[in-house]
Amino acid sequence: MSLNPGAVPTARSISLAWFAVALLVAAGAAIAGTAAFYELKPLKASGGPTTPMNTSHGPGNVSVTDDVGRTVKVPVNASRVAVLSPSIMDPIFRLGLRPHVVAVDCYSAAFGGLTADYSPDQVALWNLSSSMCVQVGPTLDVEQLLVKSPQLVLASTIISVADVEEISTTYGIPVLILQPPTLSGILVDASILGTIFNATSAASQLNAELSWSLGNATTVQQNLTNRGTNFPTVMVTYSPVPAGSPSPGYYSFGPGTFGTSLIELASATSISANATLPYPELSGAQVLAAQPTFIVYGTGFGLALTDYAQGPDWSSFSAVTSGHAFGLNSNLLTEPDPTMILLGLPALLSLFHPGVPV
Amino acid sequence: MTDAPSSPATSEILPVRLRGVSVRYDHRVALHEVDLTVSPGEFVVLAGPNGSGKTTLLRVILGFLPVAEGVAELFGSRLDDLAVRERARLVAWVPQDEAVRDDPSVAEYVRYGRYPYRGRFETESAEDLRQVRGALEELDLADRAHDGLLSLSGGERQRAVLARALAQATPLLLLDEPTSHLDIGHQLDILERVRLLSRRRGTAVLAALHDLNLAARFADRVVILSRGRKYDDGPPRDVLSEELLARVWGVSADLRRDPRSGVPYLLPHHRLVEPAAVRSAPGFGPVHVVGGGGAAAPILRWLVDRGYRATTGALHLLDTDAETAQLLGLPMAVELPFAPLGEEVRAAHRVLLGHAQAIVVAPFAIGPSNLANLTDLEPYAGQVPVYLFNPTPIESRDFASGEGRRGWEKLRSGGAQELGSWAALEAALHGLEAGRRLPSRPSPPAATPT
Amino acid sequence: MTASAAAREPAPVAIRAPRRWGWRAGLGLGLAAVGLVLLSPLVGSVAIPPQTVAQIVLHQLSGGALAQQPCAGSSASPTLCSAYVEIVWNERLPVLLLALLAGSALGISGAALQGVFRNPLADPYLLGLSSGGALGAAFLYVFQVGETEASIALPILAFGGSLATGIAILVASRGKAGSVETLLLTGVALASFLSASLSIVLLYNPIGSLQVSFWLLGGVGGATWNRDGIAFGGILIASTLLVLHGRELNVMQLGNDVAQSIGVPASAVRQRLILLASFATAMAVAFTGVIGFVGLVAPHIVRRTVSSDYRVVLPLSAVAGGMFLLAANDLAVSVVPNTQLPVGIFTSFAGAPFFLTLLYRHRRSTMTGET
């Protein structure tokens with residue numbers, strides 16, 4: 001029994017063990033530091049010694065600045081392309097680039113060409129199957145994408161930053177983000193596609209059609225203003241808030257959305273243009289109070305008039321009672337693509353201003 | 001500042017040396033200028049009523065509480081200068097009630113005591129094993145070494161705790177009520193062992209004990225604490241006296257001496273303050289007081305002072321009335337603070353009401369949470385005398401939007417008698433007691449003399 | 001007299017020690033881990049023959065010296081073969097490693113936190129450490145950090161968030177209010193405050209919200225070798241330091257006062273462990289998002305099957321956590337074809353009933369009073 005408080009145990013084993021711990025901690029720091037360095041400055045996709053899959057890029061590369069400001073070096077006229085958004089699939093299809101597409105998002109794959117959008121022979125060309133689908137919503141199936149061996153990925157901003165980073169850095173496949181910021185951005189994207197697929201003449205022709213449609217709407221608006229005609233107030237809803245939800249109502253377009261831009265271009269005033277949220281839910285009372293002259297409801301994708309008619313106060317809306325509620329395929333209103341300008345805009349114009357030449 | 005009388009040599013480094021130590025919790029003074037020494041091999045018992053500062057003193061020595069004033073030294077080093085680990089090699093602690101949640105084996109648990117001797121990367125030394133084995137054998141736990149701690153009986157578990165402290169191989173051992181959960185046999189067992197250890201190993205022992213007879217039997221020296229101050233300090237035969245018990249504990253007792261050993265022992269009789277007197281008195285009652293918020297307290301005191309047996313309810317815990325009743329040792333029905341009176345509490349209250357010879361309704365504030373106190377009275381209004389003591393009008397203390405007043409009126413129309421002054425209340429109760437108009441009923445169990 | 005006293009001794013409190021299988025369970029856990037690690041590279045939305053997978057791994061590990069034709073014996077074209085190599089080497093293996101690493105970090109953090117708080121319900125997710133990391137990461141989108149910087153800013157911001165939460169819990173643990181219940185409740189309150197803050201950030205940032213909310217559900221799909229490297233380094237440091245505290249945690253189970261009397265500086269150890277657990281959690285959250293219940297389930301499996309000795313619980317919780325997350329991820333990948341479900345869904349499916357069971361047991365044991 002030692003009464004001596006200072007009886008320190010022998011220390012031979014201490015230094016060795018501390019040394020081991022210090023070594024482990026230093027190793028951890030070194031590993032983390034090295035990895036962070038490579039993460040910041042990706043040198044080369046660590047594909048290992050196998051033949052890299054993306055060396056044969058055809059005639060060469062071209063640098064393109066995409067819609068989020070990234071400058072990406074992409075192969076010219078890539079023969080294997082993954083298109084991960086319906087809004088990109090639309091111009092691709094219109095430019096005759098369908099044969100280049102090897103992978104698509106499951107949404108594009110599922111709807112298989114809308115008769116509303118395209119002529120029957122175009123629809124037959126569409127031919128996208130579920131085996132080509134590699135992305136559901138924002139969830140990308142990287143393995144399925146890789147197995148399609150694409151040389152280029154075209155995506156909207158729905159793709160996650162992490163996935164973009166992974167595809168471009170880890171696998172060395174360039175990713176171009178095409179998400180037009182405004183209606184005129186749709187023309188810019190068509191030009192980008194024309195450039196990277198050597199399809200400038202097709203792109204010019206598409207853009208000419210787009211410009212004509214936009215110009216026509218502007219002219220109509222000018223004429224109406226000159227004549228002192230008031231723009232009608234409208235509600236454009238693309239979906240009812242599902243029945244049974246705590247606050248049923250109607251999803252609509254708020255400030256800064258393509259839907260609102262399109263409505264304004266069609267010389268009408270949206271009742272939700274100044275909402276706080278980009279995609280506000282309008283209650284029945286709000287619609288009653290705003291008394292829109294026209295109501296446009298989105299159809300297709302499993303939605304029909306009956307779904308809207310179950311919404312709050314639907315039958316009391318003056319637009320409904322006066323027969324000014326019209327169904328329009330949602331695809332013409334929701335995707336920022338050429339279809340929106342070529343079909344959606346004239347459709348709205350003819351609804352809001354019947355008789356005015358389009 | 002003198003050393004303890006039994007200290008063999010004043011020049012020796014003392015295990016414990018406190019000089020003028022004061023400790024505060026927030027603003028309350030828990031210890032006030034306490035001097036204390038413990039010498040090597042000495043068995044010192046700290047005694048004193050609840051709240052006198054025994055545990056606080058132990059916690060100071062363990063370094064859990066900062067010393068506000070004074071000097072505290074452990075083996076010649078100031079407490080603040082000792083690292084936790086160093087201190088653990090000097091002093092071991094056996095708490096009153098050690099929480100054991102996971103279930104190490106007894107041996108594993110006793111090994112914890114070797115913590116301060118082992119570096120982080122050291123394996124168990126031969127000395128560690130020797131100490132652990134020694135502690136297990138010393139406390140007769142060797143054959144239970146591989147059993148789970150939770151499978152031990154209370155006595156065995158306390159022995160395991162002692163073994164754990166023993167494995168710490170400290171020259172000082174602190175015990176805080178180490179036997180309070182044990183029966184008399186195990187109490188003696190544990191203390192015998194501690195004394196034996198102290199003798200054999202020269203370990204200084206400082207133990208807080210409730211039982212003064214155990215203290216007298218085992219202690220070399222007894223230190224009496226009262227209200228945070230040291231009251232007395234010396235060998236049991238000098239310190240323990242009838243006067244000490246009366247002054248510090250408020251208990252009347254006889255002091256006898258063990259004819260064989262000469263060790264003093266105390267035979268307590270009764271508490272010198274009210275509750276014991278009430279219980280032993282054959283007084284009239286029980287008189288049940290319905291109250292709350294301090295309204296019943298003066299009535300309860302008055303009843304107890306006059307030798308009535310009293311009960312009360314249904315109160316909320318921490319309420320002034322509940323505190324008073326607790327202090328007076330009265331049976332009562334209590335609910336958790338601020339909760340509406342629950343069914344269980346109301347049932348308990350009805351039991352008390354059923355035993356009552358008379359019911360006094362104190363002028364308490366009636367709110368939604370205690371409205372049931374009035375409504376539950378209704379069946380008794382015609383059965384026993386119910387006195388509505390009403391020095392302040394009912395309207396002024398009805399916070400149950402008129403419900404209180406309605407309940408009050410209902411009682412009055414049911415046969416309850418409204419009394420406006422103390423004098424009237426006193427007269428009514430005296431008259432009742434004198435008349436014994438009602439056949440006596442069995443009294444509630446808690447109110448019977450022990 | 002002693003004999004009769006013993007006869008009157010009340011029966012010991014009826015808390016049965018959990019049945020355990022000791023080292024056998026540890027061995028079983030280890031074997032299961034090896035089996036799972038070997039099987040996981042075969043799981044994915046693209047069916048690759050096991051032989052090809054094995055050859056690819058061998059080929060890559062040996063620097064091309066062995067299995068020079070990784071797709072020999074299968075009918076894969078050269079293009080498909082190089083896709084296979086990419087999938088196995090750059091997708092499945094980093095994901096596998098990240099699942100193991102993040103699971104280990106959460107498991108060991110959970111074990112340490114449960115030890116520190118002496119509460120079987122403590123867990124980095126329930127205490128808000130994970131949510132703190134998530135909130136930190138959400139600021140990435142508020143500040144519109146560029147895409148390239150994001151990969152490194154994300155872990156840093158997440159780490160900041162977790163650490164801030166850990167410090168907040170620590171601050172709450174100072175002084176007299178530092179009882180175990182207070183701490184746990186502080187954590188729970190913090191967690192809901194943080195998720196409310198997150199909701200606000202998400203509500204007013206709809207473009208980013210899609211990304212953040214996906215990330216919030218948790219997943220190991222974003223794994224790359226580089227990220228695995230960062231995670232591995234950080235988790236190695238944190239785990240090494242955590243594992244060293246097994247003895248202290250054992251002693252601290254007796255209560256802070258007793259622990260101090262035995263020589264464990266309980267409050268200092270508590271602070272150190274909470275910070276280390278925050279760090280380990282952040283390293284996981286940064287790369288995987290918020291994955292719940294791993295830190296709750298893993299230590300319990302170890303405690304119930306192997307031992308409650310923290311020297312064993314800490315390292316084995318890391319193993320069990322890694323396995324749990326890896327198994328959950330294998331399920332997430334394979335349950336619905338062509339879709340990787342967020343792995344957090346599966347850990348929650350397994351963990352939530354577990355949590356309720358524990359809560360029920362815990363309440364019962366505190367109500368019957370264990371001493």
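Here are some short exercises on this predicted model, each with a worked solution. Residues are numbered from 1 along each chain as its sequence is written, and chains are lettered from A in the order in which they are written. Local features need pLDDT of at least 70, side-chain atom pairs count only at pLDDT 80 or more, totals for chains, interfaces and linings use all residues, and side-chain values use heavy atoms, with hydrogens and water left out.

**Exercise 1. Find how many helices and strands chain A has, and what share of its residues is buried.**

Step 1. Start with the DSSP runs, numbered from the N terminus: a helix is H or I with at least four residues, a strand is E with at least two. Chain A has 14 helices and 14 strands.

Step 2. Now go for burial, where buried means under 20% relative accessible area, exposed over 50%, and partly exposed in between (1.4 Å probe, protein chains only). In chain A, 49% of the 358 residues count as buried.

**Exercise 2. Work out which residues touch the most other members of the largest nonpolar core.**

Step 1. Recall what you're looking for: a set of buried Ala, Val, Leu, Ile, Met, Phe, Trp, Tyr and Cys residues joined through side-chain atoms within 4.5 Å.

Step 2. The largest such core holds 126 residues, and the ones touching the most other members are L74(B), V110(B), L172(B), L174(B), L206(B) and W249(B).

Step 3. Helix α5 (residues 154–167) of chain B gives this core its largest share, 7 residues.

Step 4. Don't stop there: another core, of 65 residues, lies apart from it, and V72(A) and A347(A) are among its members.

**Exercise 3. Track down the disulfide of C106(A) and say why it is right-handed.**

Step 1. A disulfide is a pair of cysteine sulfur atoms within 2.5 Å. C106(A) and C133(A) fit, with S to S at 1.8 Å.

Step 2. Check the twist: the torsion about their S-S bond is about 60°, so this disulfide is right-handed.

Step 3. See where the ends sit. C106(A) is in helix α3 (residues 106–111) of chain A and C133(A) in strand β5 (residues 133–136) of chain A, so the pair ties together parts 27 residues apart in sequence.

Step 4. Finish with burial: C106(A) is buried at 15% relative accessible area, and C133(A) is buried too, at 8%.

**Exercise 4. Do the same for C71(C): which cysteine is its partner?**

Step 1. The partner is C81(C), with S to S at 2.0 Å.

Step 2. Here the S-S torsion is about 95°, so the disulfide is right-handed.

Step 3. Both C71(C) and C81(C) are buried.
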